[in-house]
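Subject: A structure for you to look at

Hi there,

Here is the structure I promised to pass on. Please have a look at it first, and then read on for what turned up.

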Amino acid sequence: AIPLLEQAAEQGDPLALYRLGKIYRDGKGTPADTAKAADYFRRAIQSDRYNSQGPAEDLLTLPGGPSAADLKLVASLKDGTLLPPGARMVIANDLE
């Protein structure tokens, strides 16, 4: 399944990007890799900003916490209603 998802991800498919992020986050069928998971979640957000709640939530909750760039990416979404509970507060504090 991973090779097929990677092919779709190369074409910019947001669902494939999101699924690959989850696969690498959870280590299902491949060793867990937080950096790869974050990259796939970022790309999913960037490819479909209007349906980015899942990737945004997962990016913000990866082990080690989100980077400042990740916080800015999520904050740049169309509106704050896409953010998980408490994220608005975290973003507001980190961007000040």
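A word on terms before anything else: a residue is called buried here when its relative accessible area is under 20%. Please also keep in mind that this is a predicted model.

With that cut-off, helix α4 comes out as mostly covered, since six of its eight residues are buried. They are Gly54, Pro55, Ala56, Asp58, Leu59 and Leu60.

The one I would click on is Asp58, which sits in α4, the helix that spans residues 53-60. Its relative accessibility is 12%, so Asp58 falls in the buried class. Which residues does Asp58 contact, once neighbours within four places in sequence are set aside? The answer is Tyr18, Lys22, Arg25 and Phe41.

Two of those partners bring us to the aromatic rings. Searching the whole structure gives two aromatic pairs. In one of them, the ring centres of Tyr18 and Phe41 are 5.9 Å apart with the planes at 55°, so this pair is classed as tilted. It joins distant parts of the chain: Tyr18 belongs to helix α2 (residues 14-26) and Phe41 to helix α3 (residues 34-47), with their positions 23 residues apart. Both rings are covered: Tyr18 has a relative accessible area of 18% and is therefore buried, and Phe41 is buried as well, at 0%.

Tyr24 and Tyr40 make up an aromatic pair that is stacked, at 5.8 Å from centre to centre and 10° between the planes. Here, too, distant parts of the chain are linked, with Tyr24 in α2 and Tyr40 in α3, 16 residues apart. Tyr24 and Tyr40 are both buried.

Now for the core. In soluble globular proteins, nonpolar side chains tend to be buried together. In this model the largest nonpolar core holds 23 residues, and Leu20, Ile45, Leu59 and Val74 are the ones with the most contacts inside it. Helices α1 (2-10), α2, α3, α4 and α5 (68-75) are the elements that each supply two or more residues to this core. Take Leu20 as an example: leaving out residues up to four places away in sequence, Leu20 touches Ile2, Leu5, Glu6, Ala9 and Tyr40.

Lastly, here is how some of the helices pack.

How do α1 and α2 cross? Their axes come within 8 Å, at an angle of roughly 135°. Oblique covers angles that are neither over 145 degrees, nor under 35, nor from 65 to 115, so α1 is oblique to α2. The crossing is left-handed. On the α1 side the contact involves Ile2, Leu5, Glu6, Ala8 and Ala9, and on the α2 side Ala16, Leu17, Arg19, Leu20, Ile23 and Tyr24.

For α4 and α5, the axes are 10 Å apart and the packing angle is about 155°. Angles over 145 degrees count as roughly antiparallel, and α4 and α5 are therefore roughly antiparallel to each other. This crossing, of α4 past α5, is left-handed. The residues that meet are Ala56, Leu59 and Leu60 from α4 and Asp70, Leu71, Leu73 and Val74 from α5. Two names there may look familiar: Leu59 and Val74 are among the core residues with the most contacts.

Enjoy browsing, and do write back with any thoughts.

Best wishes

Note on methods
Residues numbered from 1 in each chain as written. Predicted model: local features only at pLDDT ≥ 70, side-chain atom pairs only at ≥ 80, totals over all residues. Heavy atoms only, no water. Helix = DSSP H or I, 4+ residues; strand = E, 2+ residues; numbered from the N terminus. Buried < 20%, exposed > 50% of the residue type's maximum accessible area, 1.4 Å probe, protein only. Contact = heavy atoms within 4.5 Å. Phe/Tyr/Trp six-rings, centres within 6.5 Å; stacked < 30°, edge-to-face > 60°. Core = buried A, V, L, I, M, F, W, Y, C linked by side-chain atoms within 4.5 Å. Axes fitted to C-alpha atoms, helices over the stretch in contact; angles between N-to-C directions. Left-handed = near helix turned anticlockwise from the far one by under 90°.
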